[in-house]
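Colleague: I've got some picky questions about why things get called what they get called. Mind walking me through them?

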Amino acid sequence: MSHDRLSVLKLTVNNHPGVLSHVCGLFARRSYNLEGVMVRPIAGNPPNRSRMWLLVNEEERLPQLIKQTEKLIDVINVEQHELKDSVFEITQQFFV
Amino acid sequence: MTNPATDTEPCTEYRLCGSELLIKLLERQGITHIIGIPGGANLPMYDALTRSTIKHILARHEQGAGFIAQGMARATGKAQVCFASSGPGASNLVTAVADAKMDSIPLIAITGQVHQAMIGTDAFQEIDTFGLMLPITKHNWMVRSAKELLEVIPQAFEIALSGRPGPVSIDIPKDVQNQIIEIEQFPEPGVRKMNPIFDIQQVTRMLEKIRHAERPILMIGGGIIYAGASKALLQFAEQLDLPTIQTFMGLGILPSGHPLSLGMLGMHGAPYTNLVLEECDLVIGMGVRFDDRATGKVAAFCPKADIVHVDIDHSEIGKILNPVLSIRADVGEVLTSANEILEPSQRPLWRQRVAQLKEKYPLILNGQDDLFSPYGAIKTVASLLDDSVNITTDVGQHQMWVAQVYPFNRPRQWASSGGLGTMGFGLPAAIGMALAQPERKVICFTGDGSLMMNIQELATAAEHDLDIKVVILNNNHLGLVRQQQTLFYEKNLSAVKFKQEVDFALTARGMGMKGVNLAVSDNPLLDLKSALLEQGPCVINIPIAETEMVFPMVAPGGANRDMIHGQTA
Ligand SMILES: Cc1ncc(C[n+]2csc(CCOP(=O)(O)OP(=O)(O)O)c2C)c(N)n1
């Protein structure tokens, strides 16, 4: 993959039905380029949280994309993450 | 000390079904009216509603129900509720919900859904309401148990009202409505959350920017109205002597005749309004989102100006323009703290220049003395009424003419579909305003095309004997489309003429209200006056020529400075 415009976002979200739709729906309707999604529930306190990893192909619009994502009610936190050592790099072997 | 006779809350157990719980929670939210239409999947809600103090208004179409609730919300600022059944009931609501999203209106759409066991089976009247509502709401839910209602309903109100307001939708399967639940205590009603905290230093910096500017312009929009900040704004503008431009959604914040008011900017703004923006060196945008109908071609918007942007919605800042300074906050709070610390100032030179532009490039009001021309009709109606009336419009030329010349003098006096531009908005929104504020008369300016989109709601208005006057500027055409084809498609008129004319006065009578057709009136002015001043619903048909156009006009995608002008009379 070409790495120059790729960013990784690490989201903490409420784990209930509909969250994935809310996040992916936002990306679809604002035509943000989403290259990968990985989501699993996370253990710990408080319960009922999931971690969602997003691989996005956006540079200029990234700040706007983050603000829009933060506005989603079920999104608790958004952080930017390095591509290196991210879940996407580690799992690259499964996407060939 | 607790008194066991009165303090029964903690030990009482309530046993009720999901739909009764829903209605109870809505009562506790202070809801007085629910607008809707029943059907198979929301029967339990309608059953529970008969045992409630809430008044139900039966609309004739779910889109009408959504817009009636919107009209109430726009008049009051409070969240309002509409009901629809599953399937077509829910899909009919979609337009009104999307419209609420674009104009930041706190609308709560509650729909019935098929039994959970049937979901996914293509059951009768099953539709993916969650999926339909998802992209057009601030948030939405499918409720999976009666217990969830205890959380979802207060949260729905909190979300609809907090920050930048907006619609939410709640889909409730029929088995959840019927599920029996025992509860000990009702949750606290949902209310608007605390506004985001801001740094007062930012306000100081904003005031500094204004002090250093030579030709500053204040640009204000719907956010000021939603924050209830019109008074604070007026003080701010006056103390700093700031010429002020209103967006379409902001009309009414400054009284129309105020010396600092420069009216509306953008696609159909007055020439001087758009030209002032060419010269200004600072734009302070407050509660605005720099919509394309306002800015025109963004790259050419205010070419000489720095932008300061105050808005409660974080994602609006930097979305269209890059401000040199931004404050993410409630505009009302920012204005209040600014008013406490600002030093009053005067800008005689800039004021003089603005006055010069205003005089040299005014809005040309062709036909303003002729009742059967657009400006004349609107100005005559306005002259017969006072500021107590509320105004709605539909979408098209008539909407722009009203925005240009109706003297709006208070916030929430005017409701119009700004962001989505939905034909069919005007009549049901007027019904909502009349229900919310029965002491005020409502005038709905409409076009013959738009009125047909929700004309069934005339019967709703008649049923409740509301004081609504539907004023049709009737060109028997889809006028605004005709105008665009005339200007941009070499007069190649396509599908804009109604070959079958409608007798609207007769239709009104058929729906149970008065109808007046000024085209056949011996004394049109007198008939208009008595129709307007009487109590009760009435349709007033005013024929105008289809060749009338809204000027000036900035071509879609064009720069605001490149206005197309009409003929001067
Ligand atoms: C629901 C909907 N469909 C289509 C349009 C596109 N449209 C915008 S203005 C207009 C014509 C409106 O005609 P009318 O209500 O008679 O008003 P006029 O422009 O003649 O004043 C149309 C079709 C729209 N805004 N909304």
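What follows is a short back-and-forth on the interface, a pocket and a cavity.

Modeller: Before you start, keep in mind that this is a predicted model.

Colleague: Fine. Why is the pair B:Asp313 and A:Lys71 called a salt bridge?

Modeller: The closest N and O atoms of A:Lys71 and B:Asp313 are 2.7 Å apart. The cut-off is a Lys or Arg side-chain nitrogen within 4 Å of a carboxyl oxygen of Asp or Glu, so the pair qualifies. The count between chain A and chain B is one salt bridge.

Colleague: And how many residue pairs are in polar contact between chain A and chain B?

Modeller: Six, with both residues at pLDDT 80 or more. On the side of chain A that touches chain B, helix H1 (19-29) and helix H2 (62-71) each supply at least two residues. H2(A) gives the most, with five residues. By class, that side has two nonpolar, six polar and five charged residues.

Colleague: How do you know how much area is buried between chain A and chain B?

Modeller: The size of an interface is often given as the accessible area lost when the parts come together. Here the area buried between chain A and chain B is about 1,200 Å², and carbon and sulfur atoms give 59% of it. In chain A, the residues that lose the most area to chain B are A:His22, A:Lys67 and A:Ile73, together 45% of what that side buries. As for contacts, 13 residues of chain A meet 14 residues of chain B.

Colleague: Now the empty space. What makes up the lining of the second largest pocket?

Modeller: By class, 15 nonpolar, eleven polar and two charged residues. That pocket holds about 510 Å³ of space. Among its 28 lining residues, B:Ser256, B:Gly263, B:Tyr272, B:Gln404 and B:Val405 are the closest to its centre. Strand S11 (261-264), helix H11 (271-279) and helix H16 (397-405) of chain B each give two or more residues to the lining, and S11(B) has the largest share, four residues.

Colleague: Why is the space lined by B:Arg74, B:Trp414 and others called a cavity?

Modeller: It is called a cavity because a 1.4 Å probe fits there but cannot get out. The structure holds two cavities of 30 Å³ or more; the largest has about 120 Å³ of space. Its lining also includes B:Ile105, B:Tyr226 and B:Met249, and helix H9 (222-226) and strand S16 (414-415) of chain B each give two or more residues.

Colleague: Which classes line the largest cavity?

Modeller: Seven nonpolar, one polar and two charged residues.

Note on methods:
Residues are numbered from 1 along each chain as its sequence is written. Chains are lettered from A and ligands numbered from 1 in the order in which they are written. This is a predicted model: local features need pLDDT of at least 70, side-chain atom pairs count only at pLDDT 80 or more; totals for chains, interfaces and linings use all residues. Side-chain values use heavy atoms; hydrogens and water are left out. Contact means heavy atoms within 4.5 Å. Buried area is the accessible area (1.4 Å probe) that two parts lose on being put together, summed over both. A polar contact is a pair of N or O atoms within 3.5 Å; within protein, one must be able to donate a hydrogen and the other to accept it, and residues adjacent in sequence count only if both atoms are side-chain atoms. Ala, Val, Leu, Ile, Met, Phe, Trp, Tyr, Cys and Pro count as nonpolar, Asp, Glu, Lys and Arg as charged, and the others, Gly among them, as polar. On a 1 Å grid over the protein atoms alone, a cavity is a set of points where a 1.4 Å probe fits but cannot get out, and a pocket is an open set with protein on both sides within 12 Å along at least five of seven lines; lining residues have an atom within 4 Å of a point. Grid points are joined across faces, edges and corners, and a volume is the space filled by probe spheres set on the points.
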